[in-house]
Amino acid sequence: MTTTRSFPSRRTMLKGATAVAASAALPSWFLEEVMAQDAPAAPRSQNDLPAIALVGCGGRGRGVAKEAQRFGRVVAVCDVDSSNRDGGAADLAASQRETDQKLNRVAPGSGRQPGKINTYSDFRKMLDEEKDLHAIFNGTPDHWHTLINLAAMKRGKDVYSEKPLTLTIEEGRRVVNTAKETKRVLQTGSQQRSDGQFRLVCELVRNGRIGKLQKVTTILPAGMRDGPFQSRPVPERLNWDMWLGQAPMVEYVPQRAHVTFRFWYDYSGGTITDWGAHHNDIALWGMGIEGSGPTSVEGKRLVEPIPGGYTAVPEYEVKYTYANGVEHTCRTTTADTIFGSEARKTEPGERRNGVVFEGDKGWIYVRRGVLEASDPAILKEPLPSNAQRLYVSNDHSGNFFDCVRSRKDPICHPEVGHRSVSVCHLGSISLRLGRKLRWDPQNEQFVGDDEASRMVAREQRKPWTYDIV
Ligand SMILES: NC(=O)c1ccc[n+]([C@@H]2O[C@H](COP(=O)([O-])OP(=O)(O)OC[C@H]3O[C@@H](n4cnc5c(N)ncnc54)[C@H](O)[C@@H]3O)[C@@H](O)[C@H]2O)c1
């Protein structure tokens, strides 16, 4: 089947957002547990609001910064597009006022002027000048995550970084090591781990509720397929050279930049790294795979990109094997828009984006707001008191700020973010090479394939290196 995915309208995007907000009907025993679990510690006083900065003020960056304003104070924003930078500052100043009002906070913390948000175009300058900054929120495109995260941690800042944590597998190891060396807290923005319904499913699977786990299927929205595109003059508001950063220099093409950067290999990996960083993360959590990964990967391209257009494979099927013998398939569906909302009615038996766990005694299917099982008893029966339970976080941002205080590992600490996105990168590399690859998850190396081995890292455009700060 060949599809050309065009950009969904704002209306479709809003429809998707509403669907996500309507949460799944959790079984009552689990809902009671969630309600009894401690809410994240509320900020204690005005001077106990850590100063935070947002780098990358697009849609997601602003979203997570607004969440963070419940626990901290945004004092600076940075963006290489002056329109997003200034719009982000104004937006966040307004949301800070609203949050302060709602939480009955009157004075700003840290002796700062009320509502003042400093604006920057270069995160290095921001790190130099914002002396009392405690943490950064990183909402830049994927090819910028690691450089900014490393720079911030080396400057003593904690980090909340959007998923996918990295652009390459090799970057992930750097992030894990730097977080350890600098003793910084880093939360990866794979927020499904802080959503009770995903935790419930992983606990049920791990405790044998569907019998012996045999198969996991992660279903991701198909990516965009469009082009060829024309280059255009760079808009005055945008520093294109700085937006490109470590990626190869190319002429400005609007489709390469905001939002649709995720469908270009130079900056991301397509939906396998975008949605894959959510659903493949849950696959690993449910399988109980920590600090490891698959032993083989075989990607099949179902639809080819258009020459001169988006470069990431839009529709695909990737098969993984693991030492535990579970078969994992990661494949696309055209039933979802790229934002995960409904694109068309599903055929009987067809599933939209989500994760399916299949055991020898039943199955469970989960996606945001939807929870189904082969037998309702699978979900309804409470877990026994001796069951294996998982890390509890019911608020991804709150969990980060709890850990900023306690110095404990957040739910999506760097090794989690790195291992989950490694599954996605492995799939992406196999799709590009068009062959089955063997992977050594302990040493994080391909076995017997030099070409694949070279794709574990990428060449950086000068002057960008991981040691810029
Ligand atoms: N957790 C989630 O559910 C979720 C949802 C959406 C997006 N995301 C992730 O968030 C990130 C951003 O996605 P988006 O859709 O908001 O993208 P976007 O293109 O709307 O925003 C990115 C912003 O970063 C800016 N930027 C680029 N390079 C920069 C640099 N060096 N310094 C400062 N600013 C820079 C861009 O100008 C732009 O304003 C992506 O990694 C994406 O995968 C996560």
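Guide: For sorting residues, Ala, Val, Leu, Ile, Met, Phe, Trp, Tyr, Cys and Pro count as nonpolar, Asp, Glu, Lys and Arg as charged, and the others, Gly among them, as polar. By that sorting, the shell around the ligand holds 9 nonpolar, 11 polar and 8 charged residues. This is a predicted model, in which local features need pLDDT of at least 70 and side-chain atom pairs count only at pLDDT 80 or more, while totals for chains, interfaces and linings use all residues. Residues are numbered from 1 along each chain as its sequence is written, and side-chain values use heavy atoms, with hydrogens and water left out.

Visitor: What makes a residue part of that shell?

Guide: A residue is near a molecule or strand if one of its heavy atoms lies within 4 Å of it. Around the ligand there are 28 residues, the closest being D79, N84, D142, E162 and V259.

Visitor: How do you know that D142 makes a polar contact with the ligand?

Guide: A polar contact is a pair of N or O atoms within 3.5 Å; within protein, one must be able to donate a hydrogen and the other to accept it, and residues adjacent in sequence count only if both atoms are side-chain atoms. A polar atom in the side chain of D142 is 2.8 Å from a ligand oxygen, so the pair qualifies. The side chain of E162 has an N or O atom 2.9 Å from a ligand nitrogen. G189 uses a backbone N or O atom, 3.1 Å from a nitrogen atom of the ligand.

Visitor: What share of the ligand does the protein bury?

Guide: The ligand taken alone exposes 850 Å², and the protein buries 93% of that. Such areas come from the Shrake-Rupley method with a 1.4 Å probe; for residues, only the protein chains shown count as cover.

Visitor: Which helix gives the largest share of the shell?

Guide: Helix α6 does, with 3 residues. Helices (H or I, at least four residues) and strands (E, at least two) are DSSP runs, numbered from the N terminus.

Visitor: Why is Q197 called buried?

Guide: Buried means under 20% relative accessible area, exposed over 50%, and partly exposed in between (1.4 Å probe, protein chains only). Q197 has 3%, so it is buried. This residue belongs to helix α8, residues 196-206. Its side chain has a polar atom 3.2 Å from the backbone nitrogen of G369, and the Q197 side chain also reaches the backbone oxygen of V370 at 3.1 Å.

Visitor: Why is K183 called exposed?

Guide: K183 has 64% relative accessibility, which is over 50%, so it is exposed. K183 is in the loop between α7 and β6, and its phi is near 55°, a positive value in a residue other than glycine.

Visitor: Is E444 buried or exposed?

Guide: E444 has 14%, which is under 20%, so E444 is buried. Its phi is also positive, near 50°, and its place is the loop between β14 and β15.

Visitor: What makes T166 and H425 a polar contact?

Guide: Their side chains come to 3.1 Å, which is within 3.5 Å. T166 also has a polar side-chain atom 2.9 Å from the backbone oxygen of T168. T166 is in the loop between β5 and α7, and at 1% it counts as buried.

Visitor: Why is there no disulfide between C403 and C412?

Guide: A disulfide is a pair of cysteine sulfur atoms within 2.5 Å. The closest cysteine sulfur to that of C403 is in C412, 11 Å away, so the two are too far apart for a bond. The whole structure has 0 disulfides. C403 is buried at 3%, and C412 is buried at 1%.

Visitor: How do you know that α14 has close to its expected length?

Guide: The expected span of a helix is 1.5 Å times one less than its number of residues. Helix α14, residues 414-433, has 20 residues and reaches 28 Å from first C-alpha to last, close to the expected 28 Å. Of its 20 residues, 19 are buried. After α14 comes G434, with a positive phi near 70°.

Visitor: Where are the prolines P228 and P463, each joined by a cis peptide bond?

Guide: P228 lies in the loop between β7 and α9, and its cis bond with G227 has an omega of about -5°. P463 lies in the segment after α15, and its cis bond with K462 has an omega of about 5°.
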